[in-house]
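Colleague: Could you walk me through this one and tell me what the labels rest on? I'd like the reasoning, not just the words.

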Amino acid sequence: MAEWYKNMSFYQIWPRSFMDGSGDGIGDLKGVLEKLDYIQSLGCEGIWFSPLYPSPNADYGYDVADYRDINPEYGTLEEFKTLLDEAHSRGMKVIMDLVVNHTSDEHPWFQASRRREEPYTDYYIWRPARKNGKHPNNWDSLFEGKAWEYDEVRGEYYLHLFAKKQPDLNMENPAVRQEVKGIYRFWLELGVDGFREDVITFISKAEGLPNDLLMPAAKGLRHYSNGPRLHEYLTEFRHVTDEYDCVTIGEAPRMTPEKALRFIGGDDRVLDMFIHFEHMTADCFMADYIRRPFSLRKLKSAMSRWQTGLYGRGWNTLYIENHDHPRVISRYGSEAYRVASGKMLAAMYLLQQGTAFVYQGQELGMTDLDLPSIEDYPDVSTQHNYQRLARVLGKERALRWTKAGTRVSARTPVQWSDAPNAGFCPPGVEPWLRVNPNYPEVNAASQENDPDSLLNFYRSLLRFRKEPVVRYGSFREYSPRSRRLYIYERAYRDEKLLVVCSFTERAVAFPAPYPLADAEKLFGNYPGLTDMMRPYEVRVYRLRADESSAI
(Lines give C-alpha, C1' and ligand atoms only; values in the text may rest on other atoms or scores of the structure.)
Protein backbone atom coordinates (compact mmCIF):
# COMPACT_ATOMS: atom_id res chain seq x y z
CA MET A 1 0.00 0.00 0.00
CA ALA A 2 1.18 3.50 -0.85
CA GLU A 3 2.51 5.68 1.96
CA TRP A 4 4.09 8.50 -0.04
CA TYR A 5 1.03 10.73 0.34
CA LYS A 6 1.77 11.14 4.05
CA ASN A 7 4.77 13.32 3.23
CA MET A 8 2.97 15.54 0.72
CA SER A 9 0.92 18.65 0.22
CA PHE A 10 -1.50 18.89 -2.71
CA TYR A 11 -2.74 21.87 -4.69
CA GLN A 12 -6.36 21.59 -5.82
CA ILE A 13 -7.21 22.90 -9.28
CA TRP A 14 -10.78 23.66 -10.30
CA PRO A 15 -9.78 23.82 -13.96
CA ARG A 16 -12.42 26.16 -15.36
CA SER A 17 -11.13 29.05 -13.22
CA PHE A 18 -7.43 28.35 -12.77
CA MET A 19 -5.68 29.77 -15.85
CA ASP A 20 -6.82 30.35 -19.43
CA GLY A 21 -4.02 29.32 -21.77
CA SER A 22 -6.00 29.34 -25.02
CA GLY A 23 -7.59 32.79 -24.72
CA ASP A 24 -11.28 31.87 -24.69
CA GLY A 25 -12.11 32.94 -21.11
CA ILE A 26 -12.13 29.37 -19.73
CA GLY A 27 -9.31 27.78 -17.75
CA ASP A 28 -7.60 24.84 -19.43
CA LEU A 29 -4.68 22.41 -19.43
CA LYS A 30 -2.42 24.84 -21.28
CA GLY A 31 -2.94 27.28 -18.43
CA VAL A 32 -2.08 24.62 -15.84
CA LEU A 33 1.08 23.69 -17.74
CA GLU A 34 2.08 27.35 -17.70
CA LYS A 35 1.72 27.46 -13.91
CA LEU A 36 3.32 24.13 -12.94
CA ASP A 37 6.48 25.82 -11.68
CA TYR A 38 4.36 28.21 -9.59
CA ILE A 39 2.57 25.29 -7.95
CA GLN A 40 5.86 23.56 -7.24
CA SER A 41 7.30 26.78 -5.82
CA LEU A 42 4.61 26.76 -3.16
CA GLY A 43 5.94 23.51 -1.76
CA CYS A 44 3.05 21.46 -3.12
CA GLU A 45 4.28 18.14 -4.52
CA GLY A 46 0.95 17.04 -5.94
CA ILE A 47 -2.08 18.29 -7.86
CA TRP A 48 -5.70 17.27 -7.40
CA PHE A 49 -7.74 18.02 -10.49
CA SER A 50 -11.45 18.59 -10.09
CA PRO A 51 -13.21 16.83 -13.02
CA LEU A 52 -11.62 17.21 -16.43
CA TYR A 53 -14.01 14.83 -18.20
CA PRO A 54 -16.41 15.77 -21.03
CA SER A 55 -19.55 17.18 -19.44
CA PRO A 56 -22.60 19.31 -20.30
CA ASN A 57 -21.68 21.32 -17.18
CA ALA A 58 -24.95 21.08 -15.31
CA ASP A 59 -22.62 20.76 -12.31
CA TYR A 60 -19.38 21.83 -14.00
CA GLY A 61 -17.80 18.45 -14.56
CA TYR A 62 -19.40 16.52 -11.72
CA ASP A 63 -21.93 15.37 -14.34
CA VAL A 64 -19.68 13.13 -16.41
CA ALA A 65 -20.59 12.30 -20.01
CA ASP A 66 -17.44 10.26 -20.80
CA TYR A 67 -15.08 8.78 -18.21
CA ARG A 68 -12.21 8.15 -20.62
CA ASP A 69 -11.56 11.52 -22.22
CA ILE A 70 -10.88 15.20 -21.51
CA ASN A 71 -13.44 17.97 -21.85
CA PRO A 72 -12.63 19.78 -25.14
CA GLU A 73 -13.04 23.10 -23.29
CA TYR A 74 -9.93 22.12 -21.29
CA GLY A 75 -7.88 20.41 -23.99
CA THR A 76 -7.23 16.91 -25.28
CA LEU A 77 -6.18 13.60 -23.83
CA GLU A 78 -2.77 14.07 -25.46
CA GLU A 79 -2.40 17.44 -23.74
CA PHE A 80 -3.28 15.80 -20.44
CA LYS A 81 -0.60 13.15 -21.03
CA THR A 82 1.93 15.90 -21.70
CA LEU A 83 0.92 17.68 -18.50
CA LEU A 84 1.19 14.41 -16.57
CA ASP A 85 4.70 13.84 -17.92
CA GLU A 86 5.74 17.39 -17.07
CA ALA A 87 4.41 17.04 -13.52
CA HIS A 88 6.15 13.69 -13.03
CA SER A 89 9.42 15.10 -14.38
CA ARG A 90 9.25 17.63 -11.53
CA GLY A 91 8.66 14.87 -8.99
CA MET A 92 4.99 15.84 -8.62
CA LYS A 93 2.01 13.50 -8.30
CA VAL A 94 -1.35 13.97 -10.04
CA ILE A 95 -4.69 12.71 -8.76
CA MET A 96 -8.05 12.88 -10.55
CA ASP A 97 -11.58 13.36 -9.34
CA LEU A 98 -13.50 10.11 -9.66
CA VAL A 99 -17.28 10.68 -9.86
CA VAL A 100 -19.11 7.35 -9.81
CA ASN A 101 -22.14 7.91 -7.58
CA HIS A 102 -23.81 9.41 -10.65
CA THR A 103 -23.20 10.37 -14.28
CA SER A 104 -24.64 12.98 -16.59
CA ASP A 105 -28.02 12.16 -18.12
CA GLU A 106 -26.20 12.71 -21.42
CA HIS A 107 -23.83 9.81 -20.76
CA PRO A 108 -24.35 6.99 -23.32
CA TRP A 109 -25.10 4.56 -20.48
CA PHE A 110 -28.08 6.61 -19.35
CA GLN A 111 -29.37 7.15 -22.87
CA ALA A 112 -29.28 3.40 -23.44
CA SER A 113 -30.79 2.67 -20.04
CA ARG A 114 -33.79 4.93 -20.60
CA ARG A 115 -34.44 2.99 -23.84
CA ARG A 116 -34.11 -0.32 -21.91
CA GLU A 117 -31.18 -1.42 -24.05
CA GLU A 118 -29.11 -4.29 -22.67
CA PRO A 119 -26.78 -4.45 -20.84
CA TYR A 120 -27.58 -0.93 -19.60
CA THR A 121 -31.19 -1.41 -18.50
CA ASP A 122 -30.29 -1.59 -14.81
CA TYR A 123 -27.24 0.68 -14.77
CA TYR A 124 -29.35 3.31 -12.97
CA ILE A 125 -31.96 3.23 -10.22
CA TRP A 126 -35.37 3.17 -11.90
CA ARG A 127 -38.73 2.81 -10.20
CA PRO A 128 -42.35 3.09 -11.36
CA ALA A 129 -44.64 5.66 -9.79
CA ARG A 130 -46.55 4.60 -6.71
CA LYS A 131 -50.21 3.67 -7.12
CA ASN A 132 -51.26 7.21 -6.28
CA GLY A 133 -48.98 8.50 -9.05
CA LYS A 134 -46.48 9.97 -6.63
CA HIS A 135 -42.70 9.63 -6.49
CA PRO A 136 -41.31 6.19 -5.58
CA ASN A 137 -40.36 7.46 -2.12
CA ASN A 138 -40.16 10.75 -0.21
CA TRP A 139 -36.41 11.38 -0.55
CA ASP A 140 -35.12 14.87 -1.28
CA SER A 141 -32.42 15.77 -3.75
CA LEU A 142 -29.50 17.66 -2.24
CA PHE A 143 -29.38 20.00 -5.24
CA GLU A 144 -32.69 20.17 -7.05
CA GLY A 145 -36.18 19.33 -5.77
CA LYS A 146 -37.23 15.81 -4.94
CA ALA A 147 -34.81 12.95 -5.59
CA TRP A 148 -36.89 11.45 -8.42
CA GLU A 149 -37.39 12.64 -11.99
CA TYR A 150 -39.85 11.12 -14.44
CA ASP A 151 -38.44 10.03 -17.78
CA GLU A 152 -40.94 10.01 -20.65
CA VAL A 153 -38.89 7.61 -22.77
CA ARG A 154 -38.67 4.87 -20.16
CA GLY A 155 -41.95 5.66 -18.45
CA GLU A 156 -40.38 5.46 -14.98
CA TYR A 157 -38.67 7.63 -12.41
CA TYR A 158 -34.89 7.68 -11.94
CA LEU A 159 -33.11 8.55 -8.69
CA HIS A 160 -30.90 11.64 -8.57
CA LEU A 161 -29.43 12.59 -5.21
CA PHE A 162 -28.02 15.75 -6.76
CA ALA A 163 -29.18 17.66 -9.87
CA LYS A 164 -31.83 16.29 -12.24
CA LYS A 165 -29.14 15.88 -14.86
CA GLN A 166 -27.10 13.68 -12.48
CA PRO A 167 -28.82 10.28 -12.33
CA ASP A 168 -27.45 7.89 -9.71
CA LEU A 169 -25.71 4.74 -10.86
CA ASN A 170 -27.03 1.43 -9.57
CA MET A 171 -23.99 0.09 -7.76
CA GLU A 172 -25.97 -3.04 -6.83
CA ASN A 173 -25.46 -4.11 -10.43
CA PRO A 174 -22.14 -6.02 -10.75
CA ALA A 175 -21.76 -4.75 -14.32
CA VAL A 176 -21.69 -1.16 -13.03
CA ARG A 177 -18.96 -2.05 -10.56
CA GLN A 178 -16.99 -3.62 -13.41
CA GLU A 179 -17.31 -0.36 -15.31
CA VAL A 180 -15.95 1.53 -12.31
CA LYS A 181 -12.97 -0.79 -12.06
CA GLY A 182 -12.33 -0.23 -15.75
CA ILE A 183 -12.28 3.54 -15.14
CA TYR A 184 -9.73 3.10 -12.36
CA ARG A 185 -7.50 1.02 -14.62
CA PHE A 186 -7.77 3.39 -17.58
CA TRP A 187 -6.39 6.37 -15.68
CA LEU A 188 -3.91 4.42 -13.58
CA GLU A 189 -2.45 2.82 -16.71
CA LEU A 190 -2.17 6.32 -18.15
CA GLY A 191 0.01 7.26 -15.18
CA VAL A 192 -2.35 9.03 -12.79
CA ASP A 193 -1.29 8.64 -9.15
CA GLY A 194 -4.67 8.30 -7.46
CA PHE A 195 -8.18 9.60 -7.00
CA ARG A 196 -10.30 11.88 -4.90
CA GLU A 197 -13.60 9.98 -4.96
CA ASP A 198 -16.64 12.25 -5.05
CA VAL A 199 -19.40 11.48 -2.47
CA ILE A 200 -18.16 7.89 -2.50
CA THR A 201 -19.95 7.17 0.78
CA PHE A 202 -23.31 7.61 -1.02
CA ILE A 203 -22.92 4.74 -3.52
CA SER A 204 -24.77 2.15 -1.40
CA LYS A 205 -28.47 2.78 -0.84
CA ALA A 206 -30.66 1.08 1.78
CA GLU A 207 -32.40 -2.05 0.52
CA GLY A 208 -35.87 -1.29 -0.78
CA LEU A 209 -35.24 2.49 -0.80
CA PRO A 210 -37.59 3.08 2.18
CA ASN A 211 -39.36 6.34 2.96
CA ASP A 212 -37.62 8.55 5.49
CA LEU A 213 -40.01 9.26 8.33
CA LEU A 214 -37.49 10.94 10.64
CA MET A 215 -35.63 13.68 8.78
CA PRO A 216 -37.55 16.98 8.48
CA ALA A 217 -35.23 18.04 5.64
CA ALA A 218 -32.76 16.22 3.38
CA LYS A 219 -35.10 13.25 3.57
CA GLY A 220 -33.40 10.01 2.65
CA LEU A 221 -29.88 11.06 3.60
CA ARG A 222 -29.64 8.53 6.41
CA HIS A 223 -30.64 5.77 3.97
CA TYR A 224 -27.67 6.26 1.64
CA SER A 225 -24.93 7.89 3.71
CA ASN A 226 -22.54 5.07 4.67
CA GLY A 227 -24.99 2.55 3.27
CA PRO A 228 -25.16 -1.18 4.01
CA ARG A 229 -22.83 -2.43 1.23
CA LEU A 230 -20.44 0.50 1.14
CA HIS A 231 -17.51 -1.35 2.73
CA GLU A 232 -18.09 -4.31 0.42
CA TYR A 233 -17.98 -2.12 -2.70
CA LEU A 234 -14.91 -0.22 -1.56
CA THR A 235 -13.13 -3.48 -0.77
CA GLU A 236 -13.86 -4.67 -4.30
CA PHE A 237 -12.45 -1.44 -5.75
CA ARG A 238 -9.41 -1.63 -3.45
CA HIS A 239 -8.42 -4.91 -5.06
CA VAL A 240 -7.89 -2.93 -8.26
CA THR A 241 -6.11 0.10 -6.80
CA ASP A 242 -3.78 -2.14 -4.78
CA GLU A 243 -2.32 -3.27 -8.10
CA TYR A 244 -0.87 0.24 -8.46
CA ASP A 245 1.18 2.64 -6.38
CA CYS A 246 -1.70 5.06 -5.90
CA VAL A 247 -3.72 6.90 -3.27
CA THR A 248 -7.51 6.91 -2.79
CA ILE A 249 -9.25 9.72 -0.92
CA GLY A 250 -12.97 9.48 -0.25
CA GLU A 251 -15.25 12.50 0.05
CA ALA A 252 -17.44 11.69 3.03
CA PRO A 253 -20.30 13.93 4.18
CA ARG A 254 -21.55 13.11 7.70
CA MET A 255 -18.35 11.22 8.53
CA THR A 256 -16.92 11.04 12.05
CA PRO A 257 -13.49 9.83 13.22
CA GLU A 258 -15.07 6.77 14.79
CA LYS A 259 -16.84 5.74 11.58
CA ALA A 260 -13.83 6.65 9.46
CA LEU A 261 -11.49 4.14 11.05
CA ARG A 262 -13.53 1.25 9.67
CA PHE A 263 -12.55 2.42 6.18
CA ILE A 264 -9.15 4.14 6.55
CA GLY A 265 -7.67 2.42 9.61
CA GLY A 266 -4.87 -0.11 9.57
CA ASP A 267 -3.21 -2.15 6.86
CA ASP A 268 -6.50 -3.54 5.52
CA ARG A 269 -7.98 -0.10 4.86
CA VAL A 270 -10.22 0.27 1.81
CA LEU A 271 -9.41 3.99 1.38
CA ASP A 272 -6.34 5.94 2.44
CA MET A 273 -8.03 9.13 3.67
CA PHE A 274 -11.38 10.87 3.96
CA ILE A 275 -12.30 14.43 3.10
CA HIS A 276 -14.89 15.11 5.79
CA PHE A 277 -17.02 18.19 6.47
CA GLU A 278 -17.22 18.51 10.24
CA HIS A 279 -14.85 21.48 10.56
CA MET A 280 -16.61 23.30 7.71
CA THR A 281 -19.85 23.78 9.67
CA ALA A 282 -18.58 26.24 12.31
CA ASP A 283 -20.73 29.05 10.85
CA CYS A 284 -23.69 27.08 9.53
CA PHE A 285 -26.04 24.20 10.25
CA MET A 286 -25.49 21.09 8.09
CA ALA A 287 -25.02 23.15 4.90
CA ASP A 288 -23.15 26.38 4.09
CA TYR A 289 -26.28 28.28 3.14
CA ILE A 290 -28.08 27.70 6.49
CA ARG A 291 -26.28 30.43 8.35
CA ARG A 292 -25.31 30.47 12.02
CA PRO A 293 -22.91 32.72 13.97
CA PHE A 294 -19.32 31.51 13.77
CA SER A 295 -18.41 29.24 16.68
CA LEU A 296 -14.71 28.77 17.36
CA ARG A 297 -15.55 26.04 19.85
CA LYS A 298 -17.31 24.10 17.12
CA LEU A 299 -14.36 24.49 14.76
CA LYS A 300 -11.84 23.47 17.40
CA SER A 301 -13.87 20.51 18.55
CA ALA A 302 -14.06 19.09 15.05
CA MET A 303 -10.41 19.63 14.15
CA SER A 304 -9.03 18.40 17.45
CA ARG A 305 -11.30 15.36 17.50
CA TRP A 306 -10.01 14.21 14.10
CA GLN A 307 -6.41 14.80 15.19
CA THR A 308 -6.71 12.73 18.35
CA GLY A 309 -9.15 10.16 16.95
CA LEU A 310 -6.96 9.15 14.02
CA TYR A 311 -3.53 9.51 15.64
CA GLY A 312 -1.58 6.28 15.14
CA ARG A 313 -4.62 4.57 13.57
CA GLY A 314 -5.52 6.47 10.40
CA TRP A 315 -4.42 9.46 8.37
CA ASN A 316 -6.01 12.91 8.16
CA THR A 317 -6.67 15.22 5.26
CA LEU A 318 -6.12 18.87 6.10
CA TYR A 319 -8.05 21.56 4.24
CA ILE A 320 -9.93 24.79 4.93
CA GLU A 321 -11.02 25.62 1.38
CA ASN A 322 -12.14 23.78 -1.71
CA HIS A 323 -14.51 24.17 -4.64
CA ASP A 324 -17.60 23.39 -2.53
CA HIS A 325 -17.28 26.08 0.15
CA PRO A 326 -17.01 29.89 0.29
CA ARG A 327 -13.60 31.45 0.84
CA VAL A 328 -12.35 30.81 4.35
CA ILE A 329 -11.08 34.33 5.14
CA SER A 330 -14.61 35.59 4.53
CA ARG A 331 -16.00 32.84 6.77
CA TYR A 332 -13.64 32.14 9.66
CA GLY A 333 -11.27 35.09 9.34
CA SER A 334 -11.81 38.77 8.55
CA GLU A 335 -11.73 40.66 5.26
CA ALA A 336 -10.75 43.74 7.28
CA TYR A 337 -7.71 41.79 8.52
CA ARG A 338 -7.32 39.78 5.36
CA VAL A 339 -3.58 39.12 5.45
CA ALA A 340 -3.34 38.64 9.21
CA SER A 341 -6.30 36.29 9.41
CA GLY A 342 -5.18 34.47 6.25
CA LYS A 343 -1.81 33.73 7.84
CA MET A 344 -3.42 32.67 11.11
CA LEU A 345 -5.78 30.27 9.34
CA ALA A 346 -2.92 28.84 7.28
CA ALA A 347 -0.81 28.02 10.34
CA MET A 348 -3.85 26.79 12.23
CA TYR A 349 -4.44 23.88 9.85
CA LEU A 350 -1.10 23.30 8.11
CA LEU A 351 0.72 22.50 11.36
CA GLN A 352 -1.60 19.64 12.22
CA GLN A 353 -0.94 16.03 11.23
CA GLY A 354 -2.13 14.85 7.84
CA THR A 355 -1.85 15.41 4.12
CA ALA A 356 -2.44 19.08 3.37
CA PHE A 357 -4.55 20.49 0.54
CA VAL A 358 -4.34 24.09 -0.66
CA TYR A 359 -7.13 25.29 -2.93
CA GLN A 360 -6.35 27.59 -5.84
CA GLY A 361 -6.24 31.23 -4.74
CA GLN A 362 -6.33 30.36 -1.06
CA GLU A 363 -2.63 31.10 -0.81
CA LEU A 364 -3.32 34.59 -2.17
CA GLY A 365 -6.08 35.44 0.31
CA MET A 366 -8.89 35.51 -2.22
CA THR A 367 -12.25 36.42 -0.69
CA ASP A 368 -15.95 35.96 -1.37
CA LEU A 369 -17.68 37.52 -4.36
CA ASP A 370 -20.66 39.82 -3.81
CA LEU A 371 -22.89 40.05 -6.89
CA PRO A 372 -26.14 42.06 -7.06
CA SER A 373 -28.61 39.38 -8.10
CA ILE A 374 -29.16 35.66 -7.60
CA GLU A 375 -29.19 35.31 -11.39
CA ASP A 376 -25.50 36.29 -11.37
CA TYR A 377 -24.51 33.05 -9.60
CA PRO A 378 -24.16 30.24 -12.20
CA ASP A 379 -24.57 27.17 -10.03
CA VAL A 380 -27.44 24.69 -9.77
CA SER A 381 -26.96 24.20 -6.03
CA THR A 382 -26.84 27.95 -5.29
CA GLN A 383 -30.00 28.59 -7.32
CA HIS A 384 -31.89 25.80 -5.59
CA ASN A 385 -30.72 26.82 -2.12
CA TYR A 386 -31.93 30.35 -2.75
CA GLN A 387 -35.38 29.12 -3.77
CA ARG A 388 -35.59 26.98 -0.63
CA LEU A 389 -34.59 29.89 1.61
CA ALA A 390 -36.83 32.43 -0.11
CA ARG A 391 -39.92 30.38 0.71
CA VAL A 392 -39.05 30.61 4.42
CA LEU A 393 -37.04 33.82 4.86
CA GLY A 394 -38.23 36.05 2.04
CA LYS A 395 -36.16 37.09 -0.98
CA GLU A 396 -33.98 39.75 0.65
CA ARG A 397 -32.79 37.67 3.59
CA ALA A 398 -32.52 34.57 1.41
CA LEU A 399 -30.19 36.42 -0.95
CA ARG A 400 -27.94 37.47 1.96
CA TRP A 401 -27.71 33.91 3.26
CA THR A 402 -27.14 32.51 -0.20
CA LYS A 403 -24.35 34.97 -0.97
CA ALA A 404 -22.64 34.09 2.32
CA GLY A 405 -22.89 30.37 1.63
CA THR A 406 -22.45 30.02 -2.12
CA ARG A 407 -19.63 27.92 -3.48
CA VAL A 408 -19.49 30.25 -6.50
CA SER A 409 -17.23 32.48 -4.39
CA ALA A 410 -14.56 29.78 -4.51
CA ARG A 411 -14.87 29.44 -8.27
CA THR A 412 -14.02 32.94 -9.47
CA PRO A 413 -10.96 33.17 -11.72
CA VAL A 414 -7.63 33.03 -9.94
CA GLN A 415 -6.15 36.50 -9.51
CA TRP A 416 -2.70 36.30 -11.05
CA SER A 417 -1.94 40.01 -11.50
CA ASP A 418 -3.45 43.49 -11.61
CA ALA A 419 -3.76 43.27 -15.41
CA PRO A 420 -7.25 43.22 -16.97
CA ASN A 421 -9.20 40.08 -15.98
CA ALA A 422 -6.63 39.60 -13.19
CA GLY A 423 -4.29 38.01 -15.75
CA PHE A 424 -6.56 34.96 -15.92
CA CYS A 425 -7.41 35.51 -19.58
CA PRO A 426 -6.30 38.08 -22.20
CA PRO A 427 -7.58 41.66 -22.19
CA GLY A 428 -10.75 42.01 -24.22
CA VAL A 429 -11.80 38.42 -23.56
CA GLU A 430 -14.75 37.94 -21.22
CA PRO A 431 -14.00 35.36 -18.52
CA TRP A 432 -16.68 32.70 -18.04
CA LEU A 433 -17.33 34.05 -14.49
CA ARG A 434 -16.78 37.52 -13.11
CA VAL A 435 -13.42 38.27 -11.58
CA ASN A 436 -13.52 39.47 -7.97
CA PRO A 437 -13.15 43.28 -8.20
CA ASN A 438 -10.47 43.31 -5.48
CA TYR A 439 -7.93 41.76 -7.89
CA PRO A 440 -5.81 44.96 -8.22
CA GLU A 441 -4.90 44.56 -4.53
CA VAL A 442 -5.19 40.78 -4.17
CA ASN A 443 -3.08 38.96 -6.74
CA ALA A 444 -0.06 36.70 -7.08
CA ALA A 445 2.25 39.14 -8.84
CA SER A 446 2.01 41.73 -6.07
CA GLN A 447 2.91 39.11 -3.45
CA GLU A 448 5.61 37.18 -5.29
CA ASN A 449 8.60 39.24 -4.13
CA ASP A 450 7.16 40.53 -0.85
CA PRO A 451 8.74 38.49 1.96
CA ASP A 452 5.86 39.43 4.27
CA SER A 453 3.08 38.39 1.87
CA LEU A 454 0.50 35.72 2.51
CA LEU A 455 1.78 33.81 -0.53
CA ASN A 456 5.29 33.58 0.91
CA PHE A 457 3.91 32.72 4.35
CA TYR A 458 2.25 29.68 2.75
CA ARG A 459 5.54 28.76 1.09
CA SER A 460 7.36 28.89 4.43
CA LEU A 461 4.73 26.79 6.17
CA LEU A 462 4.57 24.19 3.41
CA ARG A 463 8.37 23.80 3.54
CA PHE A 464 8.28 23.49 7.32
CA ARG A 465 5.69 20.70 7.14
CA LYS A 466 8.57 18.36 6.28
CA GLU A 467 9.81 18.63 9.88
CA PRO A 468 9.38 15.36 11.87
CA VAL A 469 7.41 17.12 14.61
CA VAL A 470 4.72 18.03 12.06
CA ARG A 471 4.82 14.66 10.28
CA TYR A 472 4.88 12.42 13.38
CA GLY A 473 4.08 14.52 16.44
CA SER A 474 1.28 13.90 18.90
CA PHE A 475 -1.51 16.44 19.36
CA ARG A 476 -2.78 18.15 22.50
CA GLU A 477 -5.23 21.03 22.77
CA TYR A 478 -5.13 23.69 25.49
CA SER A 479 -7.95 26.02 26.62
CA PRO A 480 -10.63 24.10 24.67
CA ARG A 481 -13.44 26.26 26.08
CA SER A 482 -11.93 29.53 24.87
CA ARG A 483 -14.16 31.38 22.42
CA ARG A 484 -11.27 33.43 21.03
CA LEU A 485 -8.12 31.29 21.00
CA TYR A 486 -7.20 27.95 19.47
CA ILE A 487 -4.08 26.65 21.21
CA TYR A 488 -2.54 23.29 20.49
CA GLU A 489 0.75 21.48 20.85
CA ARG A 490 2.57 19.04 18.60
CA ALA A 491 5.24 16.92 20.32
CA TYR A 492 7.79 14.49 18.92
CA ARG A 493 10.80 13.13 20.78
CA ASP A 494 12.61 16.13 22.31
CA GLU A 495 10.73 18.80 20.38
CA LYS A 496 7.44 20.63 20.81
CA LEU A 497 5.53 23.13 18.73
CA LEU A 498 3.02 25.39 20.43
CA VAL A 499 0.54 26.96 18.00
CA VAL A 500 -1.53 29.89 19.26
CA CYS A 501 -4.28 31.30 17.01
CA SER A 502 -6.51 34.29 17.77
CA PHE A 503 -9.92 34.38 16.08
CA THR A 504 -10.92 37.88 17.16
CA GLU A 505 -10.25 41.54 16.36
CA ARG A 506 -9.98 42.24 20.07
CA ALA A 507 -6.78 42.12 22.07
CA VAL A 508 -6.90 38.94 24.11
CA ALA A 509 -4.72 37.51 26.87
CA PHE A 510 -2.76 34.39 25.99
CA PRO A 511 -2.68 31.83 28.81
CA ALA A 512 0.64 30.09 28.14
CA PRO A 513 0.45 26.46 29.24
CA TYR A 514 4.12 26.54 30.28
CA PRO A 515 7.03 29.04 30.34
CA LEU A 516 8.03 30.35 26.92
CA ALA A 517 10.90 32.64 27.85
CA ASP A 518 13.44 30.37 26.14
CA ALA A 519 11.19 29.26 23.28
CA GLU A 520 11.96 30.11 19.66
CA LYS A 521 9.24 31.95 17.76
CA LEU A 522 9.16 30.21 14.38
CA PHE A 523 6.16 31.87 12.73
CA GLY A 524 4.02 34.91 13.35
CA ASN A 525 1.98 37.47 11.48
CA TYR A 526 3.04 40.51 13.54
CA PRO A 527 6.52 41.80 14.36
CA GLY A 528 7.82 41.24 17.86
CA LEU A 529 5.85 40.04 20.86
CA THR A 530 3.35 41.76 23.14
CA ASP A 531 1.59 40.74 26.33
CA MET A 532 -1.74 40.47 24.51
CA MET A 533 -2.57 38.67 21.29
CA ARG A 534 -3.30 41.16 18.50
CA PRO A 535 -6.20 40.88 16.01
CA TYR A 536 -6.09 37.48 14.33
CA GLU A 537 -2.54 36.95 15.52
CA VAL A 538 -0.76 33.62 15.22
CA ARG A 539 2.35 32.60 17.11
CA VAL A 540 4.20 29.34 16.60
CA TYR A 541 6.82 28.50 19.21
CA ARG A 542 9.40 25.73 19.17
CA LEU A 543 10.77 24.29 22.40
CA ARG A 544 13.42 21.64 22.79
CA ALA A 545 14.18 19.48 25.81
CA ASP A 546 17.30 21.44 26.71
CA GLU A 547 15.44 24.77 26.46
CA SER A 548 12.51 24.26 28.81
CA SER A 549 11.72 22.14 31.80
CA ALA A 550 8.19 21.92 30.43
CA ILE A 551 9.24 19.14 28.06
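Modeller: Sure, and keep in mind that this is a predicted model. Let's start at the hairpin of E5 and E6, where four residues sit between the strands and glycine 155 has a positive phi near 80°.

Colleague: Why are E5 and E6 called a pair of strands?

Modeller: Pairing asks for at least two bridges. Strand E5 (residues 148-151) and strand E6 (residues 156-159) have four bridges, so they count as paired, and the sense is antiparallel. As one example of who faces whom, tryptophan 148 stands opposite leucine 159 in E6.

Colleague: Now the holes. How many cavities of 30 Å³ or more are there?

Modeller: Three. The largest cavity holds about 90 Å³ of space, and the second largest holds about 50 Å³.

Colleague: What makes a residue part of the lining of the largest cavity?

Modeller: A lining residue has an atom within 4 Å of a cavity point. Among those that qualify for the largest cavity are His276, His279, Trp306, Asn316 and Gln352. Helix H8 (296-310) and strand E12 (317-318) each supply at least two residues of that lining, and H8 gives the largest share, with four.

Colleague: What classes of residue line the largest cavity?

Modeller: Five are nonpolar, six are polar and none is charged. His276 and His279 are in that lining, and they go with the polar ones because histidine is on neither the nonpolar nor the charged list.

Colleague: How do you know which residue is the charged one in the lining of the second largest cavity?

Modeller: That lining has six nonpolar residues, two polar and one charged. Asp, Glu, Lys and Arg count as charged, and Glu321 is in the lining, so Glu321 is the charged residue. Strand E13 (residues 355-359) provides the largest share here, three residues. Tyr319 turns up in this lining, and Tyr319 also lines the largest cavity.

Colleague: How do you know what span to expect for helix H10?

Modeller: You take 1.5 Å times one less than the number of residues. H10 (residues 338-350) has 13 residues, so the expected span is 18 Å; the helix reaches 18 Å from its first C-alpha to its last, close to that value.

Colleague: And why is H10 called mostly covered?

Modeller: Buried means under 20% relative accessible area, and twelve of the 13 residues in H10 are buried, so "mostly covered" fits. The buried ones include Arg338 and Lys343, as well as Leu345 and Leu350.

Note on methods: Residues numbered from 1 in each chain as written. Predicted model: local features only at pLDDT ≥ 70, side-chain atom pairs only at ≥ 80, totals over all residues. Heavy atoms only, no water. 1 Å grid on protein atoms, 1.4 Å probe; cavity = no way out; pocket = protein on both sides within 12 Å on 5 of 7 lines; lining within 4 Å. Points joined across faces, edges and corners; volume = space filled by probe spheres on them. Buried < 20%, exposed > 50% of the residue type's maximum accessible area, 1.4 Å probe, protein only.
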